[in-house]
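Student: I have a new structure in front of me and would like to learn how to read it. Could we go through it feature by feature?

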Amino acid sequence: MIEEKNKNEEGTKKKRGRRPKDEKPEYVLNKEQTKFFVDLSKNEKELKIVQEYLLKANDKKHGGEVLFKDIALYAMGKLTTKDIDRVQENSLSEMEKVQRSLDEYNAKNNVKLSLGEYLLKKLNLN
């Protein structure tokens, strides 16, 4: 118990109470992680694409087997900032896109509209 107390005092202290709805935890990268897994069991379309690339890459007479890791590392070297922006955009849910649009509108026009007021304004429902 004393050890736990000392760890909390030395490290970052956890905040108590409820977390606000709008607050998202900051992403922290674990630099010690050495293994990454890709599960395509529920994405048949993407799985077939990966399998086709592997078949094409291994359709050769010489050299060793080309692994998914080899293709992934090569492709990551070709990523641009536009590609990363697209990946970030695809990670947003519909409501997050609406919320982002609201935040941009409020910042641009120096107003503090609620989500309902913003939607009424955008949809011209007065």
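**Reading the pocket, the helices and a few residues**

Tutor: We can start with the largest pocket, where helix α3 supplies the largest share of the lining, 7 residues. Keep in mind throughout that this is a predicted model.

Student: Which helices each supply at least two residues of that lining?

Tutor: They are α2, which covers 44–57, and α3, which covers 68–77.

Student: How much space lies in the largest pocket, and which residues are closest to its centre?

Tutor: The space comes to about 700 Å³. The lining has 16 residues, and the closest to the centre are Val38, Phe68, Ala72, Leu73 and Met76.

Student: How do the lining residues divide into nonpolar, polar and charged?

Tutor: There are 14 nonpolar residues and 2 charged ones, with no polar residue in the lining of the largest pocket.

Student: Let us take one of those central residues, Ala72. Where does Ala72 lie, and is Ala72 buried, partly exposed or exposed?

Tutor: Ala72 is part of helix α3. To sort a residue, compare its relative accessible area with two cut-offs: under 20% is buried, over 50% is exposed, and the range in between is partly exposed. Ala72 has 24% relative accessibility, so it counts as partly exposed. A distance can be added to this: from C-alpha to C-alpha, Ala72 and Val50 are 10.0 Å apart in space, while 22 residues separate them in sequence.

Student: Now the chain as a whole. How many helices and strands does the chain have?

Tutor: The secondary structure consists of 6 helices and 0 strands. Read from the N terminus, the order is therefore α-α-α-α-α-α.

Student: What share of the chain is buried, and what share of the contacts joins residues 24 or more positions apart?

Tutor: Of the 126 residues in the chain, 5% are buried. Among contacts with a separation of 6 or more, those between residues 24 or more positions apart account for 5%. The accessible surface of the chain is about 13,100 Å², and carbon and sulfur atoms hold 54% of it.

Student: How should I read aromatic rings, and how many aromatic pairs are there?

Tutor: Look at the distance between ring centres and the angle between ring planes. The count here is 1 aromatic pair. Tyr105 and Tyr118 form this pair, with 5.4 Å centre to centre and 50 degrees between the planes, and it is classed as tilted. Tyr105 belongs to helix α5 and Tyr118 to helix α6, so the pair ties together parts that are 13 residues apart in sequence.

Student: Are Tyr105 and Tyr118 buried or exposed?

Tutor: Tyr105 is buried because its relative accessible area is 19%, under the 20% cut-off. Tyr118 is buried as well, with a relative accessible area of 5%.

Student: Which other residue can be set against Tyr118 by distance?

Tutor: Gln99 can, since their C-alpha atoms are separated by 9.8 Å although the two are 19 residues apart along the chain. Gln99 is in helix α5, and at 32% relative accessibility it is partly exposed.

Student: What is in contact with Asn106, leaving aside its neighbours within four places in sequence?

Tutor: Asn106 is in contact with Val111, Lys112 and Leu113. Asn106 sits in helix α5 and is buried, its relative accessible area being 14%.

Student: The last item is a backbone angle. What phi does Asn110 have, and where is Asn110 found?

Tutor: Phi is read residue by residue, with attention to its sign. Asn110 has a positive phi of about 50 degrees, although it is not a glycine. Asn110 is in the loop between α5 (94–109) and α6 (115–123). With a relative accessible area of 71%, Asn110 is exposed.

Key:
Residues numbered from 1 in each chain as written. Predicted model: local features only at pLDDT ≥ 70, side-chain atom pairs only at ≥ 80, totals over all residues. Heavy atoms only, no water. 1 Å grid on protein atoms, 1.4 Å probe; cavity = no way out; pocket = protein on both sides within 12 Å on 5 of 7 lines; lining within 4 Å. Points joined across faces, edges and corners; volume = space filled by probe spheres on them. Helix = DSSP H or I, 4+ residues; strand = E, 2+ residues; numbered from the N terminus. Nonpolar A, V, L, I, M, F, W, Y, C, P; charged D, E, K, R; others polar. Buried < 20%, exposed > 50% of the residue type's maximum accessible area, 1.4 Å probe, protein only. Phe/Tyr/Trp six-rings, centres within 6.5 Å; stacked < 30°, edge-to-face > 60°. Contact = heavy atoms within 4.5 Å. Areas by Shrake-Rupley, 256 points an atom, 1.4 Å probe, with all protein chains shown as cover.
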